Amino acid sequence: PAAPSILRRSRCRRAGKRVRFAQVTVYYFARRQGFTCVPSAGGSSLGMAPRHHRARRYSLSQFAHLRQVSHRQHLRQHLRREKLRARRRELTQNGTVPSAEAAGLTLADVSDDDLDVGQVEVGDYFYLQPLPTKRRRALLRASGVRRIDAEERQELRALRLSREQCGCLCRLTCEPHTCACSQAGIQCQ
């Protein structure tokens, strides 16, 4: 008789072993000015404190429910901002004529009845969206950040510019006296 296959045996053993999670631990951090990420435009990057100030444990179903509620709230806020922009555009004839009425509109002027939350699938919508600089600054201030470092804007701009150029201009052979890679102490790209 033929010996049993080694592959078949290992597959049978693995079938019984599964990782199952029963809980989710969520750590909460205070918001800080970042200095660790590079937003696509502007300054005031968002970051977090080095240590968490609170931790909570949830069952998987509790956590899934909390995420769904949170995503729906974010969606509602997003739709509210979009509706406010649309109203302002209408009142200013597509942004060409200034209007005191349009300038006076706020998010509070957009009611939940004006939003079509049911038309948008929350799972399809929700992903991290880039925030404009004004919103990032507002989030930092709302989180208690008193002084926003203005120099970060220049540093981030320099980083974005440096990332646009990668490698050097060498073609067939490396010219160490003109090679940006060699001058930076790395292998010629």
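Leu60 counts as partly exposed because its relative accessibility is 41%. The scale has three classes: buried is under 20% relative accessible area, exposed is over 50%, and partly exposed lies in between (1.4 Å probe, protein chains only). Leu60 sits in helix α2. With Val19 and Phe21, Leu60 forms a nonpolar patch on the surface, and together they have about 350 Å² of accessible area. Such a patch is made of residues with over 30% relative accessible area and no salt bridge; nonpolar side chains (Val, Leu, Ile, Met, Phe, Trp, Tyr) are joined within 5 Å, like charges within 9 Å. Areas come from the Shrake-Rupley method with a 1.4 Å probe, and for residues only the protein chains shown count as cover.

This is a predicted model: local features need pLDDT of at least 70, side-chain atom pairs count only at pLDDT 80 or more, and totals for chains, interfaces and linings use all residues. Residues are numbered from 1 along each chain as its sequence is written, and side-chain values use heavy atoms, with hydrogens and water left out.

**The whole protein**

The protein has seven helices and four strands. From the N terminus on, the order is α-β-β-β-β-α-α-α-α-α-α. Both kinds of element are DSSP runs, numbered from the N terminus: helices are H or I with at least four residues, strands are E with at least two. Buried residues make up 21% of the 189 residues. The accessible surface comes to about 15400 Å², and 51% of that belongs to carbon and sulfur atoms. Now take the contacts with a separation of 6 or more. Residues 24 or more positions apart account for 62% of them. A contact means heavy atoms within 4.5 Å.

**Helix α2**

Helix α2 covers residues 60-91, which is 32 residues. The expected span is 1.5 Å times one less than the number of residues. That gives 46 Å for α2, and the end C-alpha atoms are 47 Å apart, so the two values agree. The buried residues of α2 are His71, Leu75, His78, Leu79, Arg80, Arg81 and Leu84. Just after the helix, Gln93 takes a positive phi of about 50°.

The salt-bridge count comes to one. A salt bridge needs a side-chain nitrogen of Lys or Arg within 4 Å of a carboxyl oxygen of Asp or Glu. Arg85 and Glu82 form one, with their closest N and O atoms 2.5 Å apart. They are three residues apart in α2, which means about one helical turn separates them. Arg85 is partly exposed at 42% relative accessibility. Glu82 is partly exposed too, at 35%.

**Buried charges**

Two charged residues are buried without a salt bridge: Arg81 and Asp149. Here Lys and Arg count as positive, Asp and Glu as negative, while His and the chain ends are not counted. Arg81 lies in α2. Asp149 lies in the loop between α5 (133-142) and α6 (151-164). The contacts below leave out residues up to four places away in sequence.

| Buried residue | Nearest opposite charge | Contacts |
|---|---|---|
| Arg81 | Glu82, 6.4 Å | Leu107 and Arg135 |
| Asp149 | Arg147, 4.7 Å | Gln33 and Phe35 |

**The loop between β2 and β3**

This loop joins β2 (31-33) to β3 (46-48), and Pro39 is found in it. Phe35 is in this loop as well, and so is Ser44.

Phe35 is partly exposed, with a relative accessible area of 48%. Leaving aside neighbours within four places in sequence, Phe35 is in contact with Ser45, Asp149 and Glu152. Phe35 and Glu152 are 117 residues apart in sequence, and their C-alpha atoms are 7.3 Å apart in space.

Pro39 counts as buried, at 12% relative accessibility. Pro39 touches Ser45, Arg136, Leu156 and Arg160, not counting residues up to four places away. Pro39 and Pro132 are 93 residues apart in sequence and 9.1 Å apart in space, C-alpha to C-alpha.

Ser44 is buried as well, at 3%. Most residues other than glycine have a negative phi. Ser44 is not a glycine, yet its phi is positive, about 55°.
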